[in-house]
Amino acid sequence: MAKSSSLNVRVVEGRALPAKDVSGSSDPYCIVKVDDEVVARTATIWRSLSPFWGEEYTVHLPLDFHQLAFYVLDEDTVGHDDIIGKISLSREAIAADPRGIDSWINLSHVDPDAEVQGEICLAVQMLEDVRGRCLRCHVLQARDLAPRDISGTSDPFARVFWGSQSLETSVSGTIKKTRFPHWDEVLELREMPGSPSPLRVELWDWDMVGKNDFLGMVEFPPQVLQQNPPNGWFHLLPFPRAEEDSGGSLGALRLKVRLTEDRVLPSQYYQPLRELLMESVLGPAEEDAASPLAVLEELTSGDCRQELATKLVKLFLGQGLAGPFLDYLTRREVARTTDPNTLFRSNSLASKSMEQFLKLVGMPYLHEVLRPVINRVFEEKKYMELDPCKMDLGRTRRISFKGAPSEEHVREASLGLLKGYLGPIMDTIVGSVGRCPPAIRLAFKQLRQCVEERFPQAEHKDVKNLAISGFLFLRFFAPAILTPKLFDLRDQHADPQTSRSLLLLAKAVQSIGNLGQQLGQGKELWMAPLHPFLLQSISRVRDFLDQLVDVDGKEEPGGPARALVPPSVTVREGYLLKRKEEPAGLATRFAFKKRYFRLSGEMLSYSRSPECQTRSSMPVSHIRAVERVDEGAFQLPHVMQVVTQDGAGALHTTYLQCKNVNELNQWLSALRKASAPNPDKLAAWHPGAFRSAHWTCCLQAERSAAGCSRTHSAVTLGDWSDPLDPDAETQMVYRQLLLGRDRLRMKFLEDSTLDTTPEADREKGSSVMEGACPDALAHQREAAARLLEVLADLDQAHEEFQPQE
């Protein structure tokens with residue numbers, strides 16, 4: 001049984017942050033850390049004490065974590081960035097409520113002694129002889145300790161306390177300049193008279209001048225020492241102390257954090273539930289109220305519905321049934337809708353599933369259509385404004401240096417600029433029929449047919465087009481234009497002026513997507529000068545939609561292991577600085593060479609430039625580890641290493657430097673996902689480099705020495721290109737169905753006792769199936785009985801596997 005764990009983190013906004021700049025403002029950004037790893041950095045919001053980020057991250061973590069931390073910093077163009085404050089959330093605090101955390105939390109001061117990290121390996125024995133009890137503490141090694149010296153390393157030693165006794169490991173020159181010390185020392189302490197005492201092991205960085213720096217500690221109570229003496233790796237903790245309450249003087253963050261942890265069974269246990277789900281989409285959706293999908297639709301709401309929709313879309317994509325799945329939900333939604341003006345306007349499972357389907361399948365298409373114009377808007381930084389209440393005539397004068405223009409001049413100039421951006425956007429969209437993924441075209445064809453059958457009246461002739469454009473324009477193109485960073489179109493949020501330009505463009509695209517139904521209505525009459533262009537575009541969009549659904553063919557069935565992105569498709573590309581293993585006699589800054597990299601599911605290739613035909617490559621199947629590199633290894637930040645294995649079994653390391661921590665995390669994640677199926681992955685690695693005849697991390701003198709830190713191959717960031725994982729996806733569906741099992745039993749089964757054991761579910765299922773009568777409820781009762789029986793089998797499988805965790 002594998003453990004599946006993921007953190008969904010949304011950094012929403014900040015308020016009342018202190019001013020750090022002479023201007024009386026700050027340029028805040030957030031660093032998100034899981035234990036010792038930086039997993040994300042938000043964009044910088046310039047000149048704001050109440051920044052809005054709205055950035056969301058999903059971090060997949062197969063191993064337990066201890067703490068999630070948010071650091072708020074003020075970016076400075078000169079010198080080091082100023083730390084404003086931090087928020088720490090323990091795993092226990094996050095897991096306490098299944099719905100997660102959604103609240104404002106005050107920032108607290110950053111205490112250097114509390115900034116500990118890493119683990120220590122101990123083996124403790126309790127012995128007795130004629131002299132009494134003796135505690136033997138074998139201090140073996142530590143890893144990933146915090147750097148306390150200017151070199152980016154530490155000079156660590158350990159202190160062991162038991163009662164009034166204490167001993168230290170060696171503090172001589174044998175353990176110097178490392179975050180991965182190997183002591184292998186046995187310290188023996190005698191029990192003194194008095195009550196039983198806990199064992200405390202502290203790690204310190206030894207300094208020749210000044211006081212030693214604290215690195216972390218572990219503590220074990222007397223009963224643990226007696227019953228189960230520590231033996232293994234233990235997470236280091238700060239000194240226990242009361243949390244300092246800043247009283248809100250450092251400001252606060254609004255955060256949304258939810259932890260999802262599950263135990264994933266072997267694949268064969270999920271097959272019956274998968275078969276039921278597949279059968280559901282092929283049945284009569286309108287009158288089917290007891291299928292797994294119908295039950296799920298009743299049970300889920302809010303944030304869970306979006307996550308469930310993503311899992312279901314992936315599950316059916318992997319089976320080659322995404323089209324029938326969306327058609328099933330669409331038919332249910334359309335059958336329940338009486339007013340065509342409300343069709344797909346709610347956040348129903350059908351709406352969320354189609355929305356997530358577009359993101360999962362259509363993101364490369366979105367990038368191809370929108371990126372050129374979005375880049376132009378960011379780079380040109382033109383001033384555009386149609387709303388007279390928001391016009392800044394003084395700003396326009398400063399830009400033009402030709403005196404203050406009139407409101408009419410600003411409106412005309414802005415209108416020309418908007419058309420200059422909207423024109424290429426619409427040209428690209430209406431000309432993109434052949435580039436739109438076939439799966440999306442087929443889904444829209446089915447959607448259009450379903451809506452047309454439900455609303456055939458002449459007065460509703462536009463509803464079939466509005467159903468498609470509502471998803472494609474209002475839920476896909478327009479949101480991506482409004483917040484391009486959230487759709488991976490840009491690395492940074494827009495500045496206020498560019499953000500206003502994007503808002504105007506998004507409003508125009510939204511009006512086009514509404515096919516002009518609301519033109520001239522509402523409070524935004526200042527958009528009227530743009531209406532002729534919008535009306536002309538609307539007629540082009542109608543033709544585009546007709547062409548988009550004019551497609552033949554069906555989805556080909558896929559297997560459970562089918563990748564979401566075809567192996568040959570490029571999932572990530574860009575310039576990186578590349579270095580091979582230690583080139584003799586070459587200074588660090590000259591050893592890294594700029595190369596353009598492309599990653600697909602099959603190959604990591606690189607060349608001097610994107611246009612260069614001469615390319616070098618390494619098969620993804622040869623990758624054995626993808627990890628960060630300590631800054632101290634090359635005195636450079638944001639470096640990662642790709643460890644590959646050749647046909648002869650020899651390991652080779654390629655070092656790649658990224659331009660920032662977000663790019664580093666994205667490349668790490670993409671490479672780990674691509675190489676996830678590879679066998680013989682490394683369990684340990686060296687976060688340093690082999691230089692000057694030793695590893696810079698653990699100081700071992702053999703290049704072939706075993707790695708000193710465990711690998712993080714399964715720690716990835718969730719995005720549209722995640723590989724399909726049918727077992728984890730089905731497990732999540734199973735957990736959601738459990739929430740409605742009692743309701744399902746009471747609603748459809750005649751015997752509605754309170755017995756909820758798996759055996760009772762089987763008995764009820766058998767009795768209903770044996771006595772099924774040919775009335776209107778027979779199908780629903782049979783479906784409910786089958787579903788309950790499958791859930792009972794999964795319950796039993798989880799109970800059987802529980803002791804083996």
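**From N662 to a helix and a sheet**

N662 lies in helix 16, which covers residues 661–674, and the model in which this position is described is a predicted one. With a relative accessibility of 15%, N662 counts as buried, because the limit for that class is under 20%. Once the neighbours within four places in sequence are set aside, the residues in contact with N662 are A40 and R41.

These contacts lead to an open sheet, whose four strands are arranged in the order 3-2-5-6 and pair in antiparallel fashion. Its edges are formed by strand 3 (37–41) and strand 6 (82–90), each of which pairs on one side only, and from one strand to the next the twist averages 25°. Within the sheet, strand 2 (residues 28–34) and strand 5 (residues 67–74) run antiparallel and are joined by seven bridges; P28, for instance, has D74 in strand 5 as its bridge partner. In general, the strands of a sheet pair through backbone hydrogen bonds, and they may do so in parallel or antiparallel fashion.

Another part of the chain to follow is helix 10, which comprises 17 residues (438–454) and spans 25 Å from its first C-alpha to its last, a value close to the 24 Å expected at 1.5 Å a residue. Buried residues of helix 10 are I440, R441, L442, A443 and F444, followed by L447, R448, C450 and V451. The elements that cover these buried residues include helix 6 (322–336) and helix 7 (349–380), together with helix 11 (463–482) and helix 13 (531–548).

Conventions: Residues are numbered from 1 along each chain as its sequence is written. This is a predicted model: local features need pLDDT of at least 70, side-chain atom pairs count only at pLDDT 80 or more; totals for chains, interfaces and linings use all residues. Side-chain values use heavy atoms; hydrogens and water are left out. Helices (H or I, at least four residues) and strands (E, at least two) are DSSP runs, numbered from the N terminus. Buried means under 20% relative accessible area, exposed over 50%, partly exposed in between (1.4 Å probe, protein chains only). Contact means heavy atoms within 4.5 Å. The expected span of a helix is 1.5 Å times one less than its number of residues. Two strands pair if DSSP finds at least two bridges between them. Axes are lines fitted to C-alpha atoms, for helices over the stretch in contact, and angles run from 0 to 180 degrees between N-to-C directions.
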